[in-house]
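Subject: A structure for you to look at

Hi,

Here is the structure I promised to pass on. Have a look around first, then read my notes underneath.

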Amino acid sequence: MERKLPACPVETTLTLISDRWKILIIRDLMAGTRRFGELKKSLGAISQKVLTANLRKMEADGLVTRTVYAEVPPRVEYALTELGRSLGPVIDAMKEWGKGYQKMIDKESAKC
């Protein structure tokens, strides 16, 4: 089944990472492989259902791999694929932009 992607490359990127949680999952996985519980704890307010749905979608999109270990209890680990890791510069740029925005807002609120 062939996927139809938007003509605009920016829109294509947004379709993959624009969800509130996806970008934070990618941020956490940049540090390395994580278990489901570690991701849930790191993300805080996310429900198990939403985290599962996002991870499944990201796996289908080729951003994340899921490894299941035949243990009792079962252990599942998630890691970024090479494609997922290639989003590193995007995440870094968003981080730097966010820092600059926070500084600007802090300076403006200090003027009052």
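Below is what turned up, grouped by region.

A bit of background before the details. This is a predicted model, so I should say that local features need pLDDT of at least 70 and side-chain atom pairs count only at pLDDT 80 or more, while totals for chains, interfaces and linings use all residues. Residues are numbered from 1 along each chain as its sequence is written, and side-chain values use heavy atoms, with hydrogens and water left out.

Let's start with helix H6, which covers residues 88-110. Helices here are DSSP runs of H or I with at least four residues, strands are runs of E with at least two, and both are numbered from the N terminus. Tyr 101 sits in this helix. The structure holds one aromatic pair, and Trp 97 and Tyr 101 form it, stacked with 5.4 Å centre to centre and 10° between the planes. (Rings of Phe, Tyr and Trp, the last by its six-membered ring, pair if their centres lie within 6.5 Å; planes under 30 degrees apart are stacked, over 60 edge-to-face, and the rest tilted.) Trp 97 and Tyr 101 are about one helical turn apart because they are four residues apart in helix H6.

How exposed is each of these two? Trp 97 counts as exposed because its relative accessibility is 61%, whereas Tyr 101 is partly exposed at 42%. The cut-offs are under 20% relative accessible area for buried, over 50% for exposed, and partly exposed in between (1.4 Å probe, protein chains only).

Trp 97 and Tyr 101 also join Met 104 and Ile 105 in a nonpolar surface patch of about 430 Å². Patches are made of residues with over 30% relative accessible area and no salt bridge; like charges are joined within 9 Å, and nonpolar side chains (Val, Leu, Ile, Met, Phe, Trp, Tyr) within 5 Å. The accessible areas come from the Shrake-Rupley method with a 1.4 Å probe, and for residues only the protein chains shown count as cover.

Next, salt bridges, meaning a side-chain nitrogen of Lys or Arg within 4 Å of a carboxyl oxygen of Asp or Glu. By this rule there are five. One of them links Glu 71 and Arg 75, whose closest N and O atoms are 2.9 Å apart. Arg 75 also meets Glu 77 in a salt bridge, at 3.0 Å from N to O, and both Glu 77 and Arg 75 are buried. Glu 71 is partly exposed, because its relative accessible area is 36%. Back in helix H6, Lys 99 and Glu 96 form a salt bridge at 3.5 Å, N to O. Lys 99 and Glu 96 lie three residues apart, about one turn of the helix. As for networks, Glu 71, Arg 75 and Glu 77 are joined into one by salt bridges that share partners.

What does Arg 75 lie over? Arg 75 is over the face of Tyr 69, 3.8 Å from the ring centre. (A charge sits over a ring if NZ of Lys or CZ of Arg is within 6 Å of the ring centre and within 35 degrees of the ring normal.) Tyr 69 belongs to strand E2 and is partly exposed at 29% relative accessible area. Setting aside neighbours within four places in sequence, Tyr 69 is in contact (heavy atoms within 4.5 Å) with Pro 74, Arg 75 and Glu 77.

Happy browsing!
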